[in-house]
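Biologist: I've never looked at this one before. Could you walk me through it, question by question?

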Amino acid sequence: MRAIKLTLWSFLAGLTLLWLLADTLLPEPLNYFSFRHAFVQYTGVLAIGAMSVAMVLATRPARAERRLNGLDKMYRLHRWLGIAALTVAVVHWWWALGTKWMVGWGWLSRPGRGPGPAHGGGAGGESLGHMLRGIAETVGEWTFYAVAALIVVALLQRVPYRVFRWTHKWLAVGYLALVFHAIVLTSTDYWAQPVGWVLALLLAAGSIAAALSLSGRIGRSRRVSGQVCSVTRFDPLRVVAATVALAPDWPGHVPGQFAFVTVDRNEGAHPYTIASAWDPKERCVEFVVKGLGDHTAQLQQQLCGGTAVTVEGPYGCFDFDDARPRQIWVGAGIGITPFIARMKYLARHPGGPSVDLFHPTTDHDPAAIERLTRDARAAGVRLHVTITPRDGRLTPDDIRQAVPEWREAGLWFCGPVAFGRALRRDFTGHGLPAGAFHQELFRMR
């Protein structure tokens, strides 16, 4: 999380610094309209810059994923950039249009304009420039309304995923319209300076990303076909474990990674953690799906032997790679899946740090617990199961009591974000180094 915040604020600060090298918020003479002109330029650069990076991150670039420690972190930065772009764009919109409205209402008096261009060779070019600016302003205004609405829809968790997916794709069209708006209305002096060069690169990269999105090419090179070969149902948990045989193009994965799985093209791809270790001889992966919403509930009924699927990935950096002599794993609810994959890997490749796995769960299925116990025994992992209705909530003190050497451990968490945040705050407050806490932010919206 700290890396995400640092990246976001560093980008905004860097773009601000470049802008200050080209302009100022204290123009001479300083008055409302001179400040307004500079401030509209500044907010416009920030808004389109943040949106450009958000567009690029939406293409799931592999290098950015590694630098940000996983696609889950990268999508969190994508989300924050979208919020930042919307916030700054609202300010930009008000200073641009609100001023015109206040002049119309008689609250402000526009300063007198200089003499118009003399009739001659330059008049046609000047007239074309005014016409382009008028078109760009209109396009920018109406696109802002549409994009703002689409971003708000994307932020509403109650909106069904298929609706989110369809509306989110239209953001690429809105972005391209805003690129036109930015090119025409950005101060011409900027393009000959570093802020203009960086802005041009951002607009070009964002436009390419928008084209990839609209053409459906995002992640295409990492997709392989697959077929469900077995399904195991755990009805008390509303969970289905599906084993999928993959085409030879699948590159393999490490425990803790996830993939996007498409069963229904109309619904699109959904992310699921891979709950199995990779064996190139068998070329199968297992996904564990819990019925948490409309799609996952329907998917449990759809999945059966022979179902054709498309799998894209692998993604993620939740790879259990640290140099500490012990590890504490906390897999809350369906967050147990990356730890299942790691245990299956350790059963085949013994060794490494001593591990304690804590699995708090509200629902209880003896068959699922027995399966988890077998995996833990084969991997040499100490398993601690907490059935919340019976045992109460798992607390940080419970973990520390069970693992007295917790200060030497790396803590790996996957589960509800709020629970993970509370664990991080408690353990780091008791002396665990912040870098020893690893959390999978498995939330793609």
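Biologist: Which strands does helix α9 lie across?

Modeller: Helices (H or I, at least four residues) and strands (E, at least two) are DSSP runs, numbered from the N terminus. By that numbering α9 covers residues 337–348, and it runs at about 140° to β7. Axes are lines fitted to C-alpha atoms, for helices over the stretch in contact, and angles run from 0 to 180 degrees between N-to-C directions. The strands that α9 lies across are β7, β8 and β10.

Biologist: Before we go on, what kind of model is this?

Modeller: Residues are numbered from 1 along each chain as its sequence is written, and side-chain values use heavy atoms, with hydrogens and water left out. Local features need pLDDT of at least 70, side-chain atom pairs count only at pLDDT 80 or more, and totals for chains, interfaces and linings use all residues, since this is a predicted model.

Biologist: In what order do the strands of the parallel sheet come?

Modeller: Two strands pair if DSSP finds at least two bridges between them. Strands β7 (326–331) and β8 (354–361), for example, run parallel and are joined by 5 bridges, with V330 opposite F358 in β8. The twist averages 15° from one strand to the next. This open sheet has 5 strands, in the order β9-β8-β7-β10-β11.

Biologist: Why do β9 and β11 count as edges there?

Modeller: Strands of a sheet pair through backbone hydrogen bonds, either parallel or antiparallel. Both β9 and β11 (437–440) have a single partner strand, so one side of each is left without a neighbour in the sheet.

Biologist: And what is the strand order in the antiparallel sheet?

Modeller: Strands β3 (258–262) and β4 run antiparallel, joined by 4 bridges, and F260 stands opposite P271 in β4. At the edges are β4 (270–273) and β5 (284–290), each pairing on one side only. Neighbouring strands are turned by 40° against each other on average, direction ignored. The open sheet has 6 strands, in the order β4-β3-β6-β1-β2-β5.

Biologist: Which strands of that sheet does α10 touch?

Modeller: Helix α10 lies across β8 and β9, at about 160° to β9. It also packs on the antiparallel sheet, with its direction making about 120° with that of β1. The strands α10 touches there are β1 (223–234), β2 (239–246) and β5.

Biologist: Is V381 buried or exposed?

Modeller: V381 is found in the loop between α10 (366–379) and β9 (382–387). Contact means heavy atoms within 4.5 Å, and leaving aside neighbours within four places in sequence, V381 is in contact with W329, M343, L346, V355, L357 and A376. Buried means under 20% relative accessible area, exposed over 50% and partly exposed in between (1.4 Å probe, protein chains only). With a relative accessible area of 9%, V381 is buried.

Biologist: How are the rings of W93 and W94 arranged?

Modeller: Rings of Phe, Tyr and Trp (its six-membered ring) pair if their centres lie within 6.5 Å; planes under 30 degrees apart count as stacked, over 60 as edge-to-face and the rest as tilted. By this rule there are 28 aromatic pairs. For W93 and W94, the centres are 6.3 Å apart and the planes 55° apart, which makes the pair tilted.

Biologist: What about F258 and F260?

Modeller: F258 is buried at 0% relative accessible area, and F260 is buried at 3%. Their centres lie 6.0 Å apart with 70° between the planes, so by the cut-offs the pair is edge-to-face.

Biologist: Which rings does R400 lie over?

Modeller: A charge sits over a ring if NZ of Lys or CZ of Arg is within 6 Å of the ring centre and within 35 degrees of the ring normal. R400 is 5.6 Å from one ring centre, that of W406. It is 4.9 Å from another, that of F427. The rings are those of W406 and F427.

Biologist: How many disulfides are there?

Modeller: A disulfide is a pair of cysteine sulfur atoms within 2.5 Å. The sulfur of C284 has its closest cysteine sulfur in C229, at 4.4 Å, which is too far for a bond. For C414, the nearest is that of C317, 14 Å away. The count of disulfides is 0.
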